[in-house]
Amino acid sequence: MRIFVPKETHPGENRVPLIPATVRKIVDRGGDVVVESGMGLASHHSDEAYTDAGAKVTLDRETALSEANLVLRLRKPAIEEVRKLGDGSIHISFLDPFNEHELVSALAASGVSAISMEMIPRTTLAQKMDALSSQASLAGYVAVILAANRLDKAYPMMMTAAGTIAPARVFIIGVGVAGLQAIATAKRLGARVEAFDTRPVVEEQVQSLGAKFVKVDLGETGETEQGYAKELTEEQQAKQREAMAKVCAQSDVVITTAQLFGRPAPRIVTREMVESMNPGSVIVDLAVETGGNVEGSEPDQEVEVGGVKILGLANLPGRVCANASQMYSSNLGALIEHFWDDDKKEMALNLEDEIMQGCLITHQGEIVHEQIRELIKT
Ligand code: NAD
């Protein structure tokens, strides 16, 4: 099986899809790996490191794309490049299929079997392949470090001869994978941490990390079969905002990570709430790329409102690109390994497999993922 890994082209992207250690594993199983020259450089992997791991290096991206049986990427492909992919080839990357209707249709029209990394089921069996989790965990860590860097206070309590410094108060809204890592990081740095999530099951996890769970009686909130949060009613949203306002006003750092899978992020922190915070405080909006949890946050910008800094920086995992690449590469490697046929020495698309059913979006000229097909039809 000819596997091609093109260089990422998204401006500023410094994560790479495959690192040499994973190449070695695929080559050992009989895969024929070709990487575009310079593919790993953004994360400091030279062409030579890939050839040492058993890959071939090419300068001819177009030919490699058209000859590949399997293409591995991090970001979604450009539509012009989809047309170059071979009929019957497999393409694996993040795809944003809920929003990228034209791209999904183009992949189907080209006869490509497209696997979307954000659609890998959140199950125990698929945990090793779960790139949403691996990247979110790093994003949670980076958010806390960025906030520490922009805050005009220290995180830990310090008792010194010159007096006692109170610990910084950090409030995490949304306790999924990113939120949990943010809590753990802020705790390690000595902050006093509070957290809130609409899924009540999270309370115990927050407490086990030594943080305080902010209790708000919202009535029935529930979660989807996959464990994602459901959208709140207008009345519940108003109740939540009221409760969040009190905690935000007392916090030095607010980190928001609240997402609704496949939908725009809920707006939780209003301008009024930002203005109620002390000047010098910092807000990090991790949901900025899906619409933002914070009023006034701008993608890839730091905005100041009444002395409060709002950081809406995109691609936080890219700020620790060595680890982000390592983890994404490992996710891809685990996915390929799970479906690898050792006799044919190729990745076999087992359509009966639950993981494949969850993440395969297009196949043999059709949009085969039911949820995405219904969405694109309407
Ligand atoms: P996510 O990125 O979709 O959302 C982040 C968090 O925001 C979630 O915890 C969500 O409940 C919360 N949220 C949504 N609306 C909110 C609001 N109005 N106010 C406050 N919080 C709000 O979540 P995720 O990190 O991708 O995790 C989603 C689910 O998947 C979780 O249940 C997680 O435990 C589960 N998960 C399971 C596995 C596994 O079993 N392999 C792996 C990863 C995640």
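Q: How many salt bridges does this structure have, and what makes a pair count as one?
A: In this predicted model, the count comes to 23 salt bridges. A pair counts because a side-chain nitrogen of Lys or Arg lies within 4 Å of a carboxyl oxygen of Asp or Glu.

Q: Why is the pair of Glu36 and Arg61 called a salt bridge?
A: The closest N and O atoms of Glu36 and Arg61 are 2.6 Å apart. The cut-off is 4 Å between a nitrogen of Lys or Arg and a carboxyl oxygen of Asp or Glu, so the pair qualifies. Glu36 belongs to strand 2 (residues 32-36) and Arg61 to helix 3 (residues 61-67), and the pair links distant parts of the chain, 25 residues apart.

Q: How do you know whether Glu36 and Arg61 are buried or exposed?
A: Glu36 has a relative accessible area of 11%, and that of Arg61 is 12%. Buried means under 20%, so both residues are buried.

Q: What makes Arg61 and Glu81 a salt bridge, and which parts does the pair tie together?
A: The side chains of Arg61 and Glu81 meet at 2.7 Å, N to O, which is within the 4 Å limit, so this is a salt bridge. Arg61 lies in helix 3 and Glu81 in helix 4 (residues 79-82), so the pair ties together parts that are 20 residues apart in sequence. Glu81 has a relative accessible area of 13% and is therefore buried, as the limit is under 20%.

Q: Why is the contact between Glu100 and Lys76 called a salt bridge, and where do the two residues lie?
A: Their side chains meet at 2.8 Å, N to O, and the pair therefore satisfies the limit of 4 Å. Glu100 is found in the loop between strand 5 (90-93) and helix 5 (101-109), while Lys76 is in the loop between strand 4 (70-72) and helix 4, so parts 24 residues apart in sequence are tied together.

Q: Why are Glu100 and Lys76 called partly exposed?
A: The relative accessible area is 22% for Glu100 and 38% for Lys76. Partly exposed is the class between under 20% and over 50%, so both residues belong to it.

Q: Which residues are linked in a network of salt bridges?
A: The network links Arg2, Asp32, Lys56 and Glu67.

Q: Why is the aromatic pair of Phe98 and Phe261 called edge-to-face?
A: By the rule for aromatic pairs, the count comes to four. Phe98 and Phe261 form one such pair, with 5.5 Å centre to centre and 85° between the planes. The centres lie within 6.5 Å and the angle is over 60 degrees, so the pair is edge-to-face. Phe98 lies in the loop between strand 5 and helix 5, and Phe261 in the loop between strand 12 (253-256) and helix 10 (271-275), so the pair ties together parts that are 163 residues apart in sequence. Phe98, Tyr228 and Phe261 form one aromatic cluster.

Q: How do you know which class of accessibility applies to Phe98 and to Phe261?
A: Phe98, at 13%, falls under 20% and therefore counts as buried. Phe261, at 27%, falls between 20% and 50%, so this residue is partly exposed.

Q: What makes the approach of Arg199 and Gln240 to the ligand count as polar contacts?
A: An oxygen atom of the ligand is 2.7 Å from an N or O atom in the side chain of Arg199, and a nitrogen atom of the ligand is 2.8 Å from an N or O atom in the side chain of Gln240. The limit is 3.5 Å, so both pairs are polar contacts. The protein covers 85% of the 840 Å² of accessible area that the ligand has on its own.

Technical notes. Residues numbered from 1 in each chain as written. Predicted model: local features only at pLDDT ≥ 70, side-chain atom pairs only at ≥ 80, totals over all residues. Heavy atoms only, no water. Polar contact = N/O pair within 3.5 Å; in protein donor to acceptor, adjacent residues only side chain to side chain. Areas by Shrake-Rupley, 256 points an atom, 1.4 Å probe, with all protein chains shown as cover. Helix = DSSP H or I, 4+ residues; strand = E, 2+ residues; numbered from the N terminus. Buried < 20%, exposed > 50% of the residue type's maximum accessible area, 1.4 Å probe, protein only. Phe/Tyr/Trp six-rings, centres within 6.5 Å; stacked < 30°, edge-to-face > 60°.
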